[in-house]
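Trainee: I am new to this one. Can we go through it by question and answer?

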Amino acid sequence: MHDSINQERRRFIGSAAAALGAARLGVIGSAMQQMACAALTERDEGVLPSFTGATQWLNSPPLTPAGLRGKVVLVDFWTYTCVNWLRTLPYVRAWAQKYRDHGLVVIGAHTPEFPFEKDIDNVRWAAKEMDVRYPIAVDSDYGVWRAFDNNYWPAVYIADINGRIRYHHFGEGSYDETEKVIQRLLSESGQKTDNQLVKVTPRGLEIAADYGTLRSPESYLGYEKAEAFASDVLQDAPRTYSVPRLSLNQWGLAGNWTVKGGRAVLNDVNGKIAYRFHARDVNLIMGVPPGSQPVQFIVKVDGKPPGAAHGTDVDDQGNGTAGRQRTYQLVREQTRITDREFEIKFAEPGVEAFCFTFG
């Protein structure tokens with residue numbers, strides 16, 4: 001189930017800006033472009049499915065389609081490490097706040113990609129850290145995902161007061177169009193709203209990617225979906241690696257690692273990951289398992305401390321700490337974007353690295 005979902009996620013980018021960047025990377029075809037356009041069409045798409053597949057709820061008692069009749073309902077599929085979803089969050093959060101008293105109910109369906117995202121403590125942490133105050137259907141068993149026949153993070157579905165889905169959008173972007181649908185459906189219900197669109201101030205990982213300069217694709221480190229690993233991999237067993245000369249979008253390991261299906265695990269001190277990239281941002285989904293001690297790391301770009309190009313999770317000397325399993329922003333370039341070599345070196349063993357994303 002998860003393999004097919006992740007493959008679909010990698011292939012799909014659902015906004016015009018993302019499509020331009022993806023076209024340069026060769027990861028989107030005409031069928032996907034048509035799908036992205038189709039996602040903007042408002043129409044009757046059937047009844048709002050049940051939420052009975054949720055394993056529990058946060059910020060709310062369980063909600064049902066019957067109990068939501070008379071409300072406009074926006075369902076937002078998310079998982080807390082997904083950088084594409086994080087970039088949409090400022091808008092979803094603002095819509096929930098602005099239109100709550102006008103009859104809009106926003107529901108966040110948290111469907112995990114990685115096993116640690118099933119941990120309810122992690123989901124609770126993410127909701128608090130990311131200021132997600134609207135109801136959350138915890139969808140750890142993919143019951144809500146299957147009920148909606150959904151395939152993407154992020155994905156938005158909007159239902160009218162009669163419980164009919166009238167609109168959906170997959171991926172980033174189309175924020176004005178989506179908000180206008182909310183306004184139109186609220187107006188149909190007799191609610192008065194102004195025609196102004198929300199203004200947001202995204203920070204950190206919430207800031208949209210620079211698709212005009214993005215040349216590096218999402219890259220998984222586990223062997224099941226890894227691409228462009230510059231060495232031969234030994235599956236599910238410890239091995240000492242060294243980083244060879246890297247071409248653009250190749251990556252490598254140094255030190256003793258075990259490469260597993262969904263992650264790379266550091267077994268000894270002074271392990272390193274290197275990546276030859278072309279992007280403004282470098283993000284890495286990583287961390288240590290629950291109960292483990294945090295691990296210090298140092299980031300370098302082209303062999304030097306990042307300076308002003310440091311991400312929100314490191315200082316200008318590249319120092320940071322890997323703790324909770326989440327998305328860490330390691331580089332945000334402030335000047336000219338070009339091919340560069342990133343490296344992250346861990347002082348102690350125990351770190352698990354899952355996936356690089358770029359922006």
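**Charge pairs, strands and loops**

Mentor: Aspartate 121 has a relative accessible area of 47%, so it counts as partly exposed. Bear in mind that the model is predicted.

Trainee: Which residue does aspartate 121 meet in a salt bridge?

Mentor: Stay in helix α5, where the partner sits three residues away, about one helical turn. That partner is partly exposed, with a relative accessible area of 40%. The N to O distance is 3.6 Å, and the residue is arginine 124.

Trainee: How many salt bridges does the whole structure have?

Mentor: Side chains of opposite charge can pair when their charged atoms come close. One network of salt bridges links Lys98, Glu179 and Asp194. A search of the whole structure gives a count of 16.

Trainee: How many residues apart in sequence are the parts tied together by arginine 93 and glutamate 206?

Mentor: The two residues form a salt bridge, with their closest N and O atoms 3.1 Å apart. Arginine 93 lies in helix α4 and glutamate 206 in the loop between α7 and β7, so the pair ties together parts whose separation in sequence is 113 residues.

Trainee: Is glutamate 206 buried or exposed?

Mentor: The cut-off for buried is under 20% relative accessible area. Glutamate 206 has 13%, so it counts as buried.

Trainee: Which residue forms a salt bridge with glutamate 333?

Mentor: Glutamate 333 is buried, at 13% relative accessible area. Its partner is buried too, at 18%. The closest N and O atoms are 3.4 Å apart, and the partner is arginine 340.

Trainee: Aspartate 139 is buried yet has no salt bridge, so how far away is the nearest side chain of opposite charge?

Mentor: Aspartate 139 sits in the loop between β4 and α6. A salt bridge needs the nitrogen and oxygen within 4 Å. The nearest side chain of opposite charge belongs to arginine 146, and the distance is 6.8 Å.

Trainee: With which side chain does the side chain of aspartate 139 make a polar contact?

Mentor: Leave aside neighbours within four places in sequence. Then the contacts of aspartate 139 include Gly53, Phe77, His110 and Trp145. The polar contact spans 2.8 Å, and the side chain belongs to threonine 111.

Trainee: How many residues of strand β15 are buried?

Mentor: Strand β15 covers residues 326–332. The strand is largely enclosed by the rest of the structure, because the buried count is seven of the seven.

Trainee: Which residue in β15 stands opposite valine 282?

Mentor: Strands β12 and β15 pair in the antiparallel sense, over six bridges. β12 runs over residues 281–287. Opposite valine 282 stands valine 331.

Trainee: What is the phi of aspartate 131?

Mentor: Aspartate 131 lies in the loop between α5 and β4. It is partly exposed, at 32% relative accessible area. It is not a glycine, yet its phi is positive, about 60°.

Trainee: And what is the phi of aspartate 302?

Mentor: Aspartate 302 lies in the loop between β13 and β14. At 38% relative accessibility, it is partly exposed. This residue is other than glycine, and its positive phi is near 50°.

Trainee: Which peptide bond is cis, with omega near -15°?

Mentor: Look to the loop between α6 and β5, where proline 154 is found. The cis bond runs to proline 154 from tryptophan 153.

Technical notes
Residues numbered from 1 in each chain as written. Predicted model: local features only at pLDDT ≥ 70, side-chain atom pairs only at ≥ 80, totals over all residues. Heavy atoms only, no water. Helix = DSSP H or I, 4+ residues; strand = E, 2+ residues; numbered from the N terminus. Buried < 20%, exposed > 50% of the residue type's maximum accessible area, 1.4 Å probe, protein only. Lys, Arg positive; Asp, Glu negative; His and termini not counted. Polar contact = N/O pair within 3.5 Å; in protein donor to acceptor, adjacent residues only side chain to side chain. Contact = heavy atoms within 4.5 Å. Pairing = 2+ DSSP bridges.
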